[in-house]
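Biologist: I am new to this structure. Please take a close look at a single part and describe how the pieces there fit together.

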Amino acid sequence: MTIKRKTKTARPRIAVIGLGSMGFGMASALMRAGFDVAGFDVIAENAAPLAGIGGEVAASAAEAARGAGAVVSVVVNAAQTEAILFGADGCAGVMPPGAVFISCATMAPDAVRGLAAKLEGSGRHYLDAPISGGAARAAEGRLTILASGSKTAFDAARPALKAMAGTLHELGDEAGIGAGFKMVNQLLAGVHIAAACEAVAFAASMGLDLRRVYEVITGSAGNSWMFENRVPHILDADYAPRSAVNIFTKDLGIVLDMARATPLPVPMAGSALQLFLMTASAGMAREDDAAVAKLFARIADISLPGR
């Protein structure tokens with residue numbers, strides 16, 4: 001009697017480019033979902049933890065992307081995305097035909113459209129897929145993804161999206177639409193962070209118990225997701241960057257550039273941008289974006305926890 005042995009089914013390969021707190025979390029979620037993950041980051045120490053959970057650390061974006069059905073790019077901006085795709089050791093030339101590039105960077109819609117057209121001209125697909133939710137949700141596979149692109153791009157990306165997203169918004173059939181939605185989100189997020197920091201400084205100037213302020217406001221109409229999420233960083237004097245100040249100098253700068261081209265006045269976004277720029281100029285560009293509260297404290301000579 002001949003015994004037929006079951007052949008081991010190869011696990012699908014996926015690349016993750018950019019292994020900071022968000023990218024590493026997304027890589028972890030993809031591995032739990034059954035993908036073989038190859039990762040790359042220009043900062044070697046960011047990539048090292050991937051090996052610790054059984055992933056492959058690649059020496060370049062091209063090496064990570066070779067043979068991958070999908071490449072998830074978790075870099076900061078349009079310039080970095082272009083370099084990852086088309087720069088030296090970029091991944092566009094080695095991605096298999098029909099593979100999809102899932103771009104999670106926050107950038108202007110026009111930049112997205114240009115990158116997508118160039119990649120799709122080579123027979124690969126581009127999914128515009130900016131993300132929201134933070135590092136903890138990334139690791140849990142519960143991100144909110146604001147995606148747009150062709151049906152083919154969605155079809156190619158769907159297994160990876162299922163592993164990474166708690167909520168997937170399919171927003172249109174052209175790259176750039178998702179980016180537009182993300183910029184609306186970033187306008188609100190930046191304004192809400194600045195307002196939360198201003199409110200905490202205002203409370204501190206009156207000598208109020210800030211933990212009690214947090215308890216009361218989170219149960220009141222003045223609460224926001226950003227107040228609830230960021231104020232604990234201030235209360236604990238913990239400014240390790242989950243999302244850094246310089247993220248919002250970039251994102252709100254894009255908002256103002258877009259609005260100026262319309263033209264549309266965006267005075268609240270403009271004021272928030274100035275606060276982030278002042279915080280960055282005061283030496284806190286790489287601190288958590290809740291460090292805007294420290295700027296207020298310095299200006300008014302008031303005390304915050306840990307100061």
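Modeller: Strands β7 and β8 are joined by 2 bridges and run antiparallel. In this pairing Ile-131 lies opposite Ile-145 of β8. The model is a predicted one. The two strands belong to an open sheet of 3 strands with mixed pairing, in the order β7-β8-β9. Its edges are β7 (131-132) and β9 (165-170), each of which pairs on one side only.

On the other side of the sheet order, β8 (residues 143-147) runs parallel to β9, with 5 bridges between them. Leu-146 has His-169 as its bridge partner in β9, and Ala-147 stands opposite Glu-170. The connection involves helix α7 (residues 151-164), which together with β8 and β9 makes a right-handed β-α-β unit.

In a regular strand, side chains alternate between the two faces of the sheet. In β8, Leu-143, Ile-145 and Ala-147 are on one side, Thr-144 and Leu-146 are on the other, and all are buried. That is 5 of the 5 residues of β8.

Two residues of these strands also meet a lysine from elsewhere in the chain. Lys-182 sits in helix α8 (residues 177-205), and among the residues it touches are Ile-131 and Leu-146. Thr-106 and Pro-130 are contacts of Lys-182 as well. Its side chain comes to 2.9 Å from the backbone oxygen of Ile-131. Lys-182 is buried but forms no salt bridge. The nearest side chain of opposite charge is that of Asp-251, 5.4 Å away, and a salt bridge requires the atoms to be within 4 Å.

Methods
Residues numbered from 1 in each chain as written. Predicted model: local features only at pLDDT ≥ 70, side-chain atom pairs only at ≥ 80, totals over all residues. Heavy atoms only, no water. Helix = DSSP H or I, 4+ residues; strand = E, 2+ residues; numbered from the N terminus. Buried < 20%, exposed > 50% of the residue type's maximum accessible area, 1.4 Å probe, protein only. Lys, Arg positive; Asp, Glu negative; His and termini not counted. Polar contact = N/O pair within 3.5 Å; in protein donor to acceptor, adjacent residues only side chain to side chain. Contact = heavy atoms within 4.5 Å. Pairing = 2+ DSSP bridges. Right-handed = clockwise from strand over helix to strand, strands pointing away. Lists of a residue's contacts leave out its neighbours within four places in sequence.
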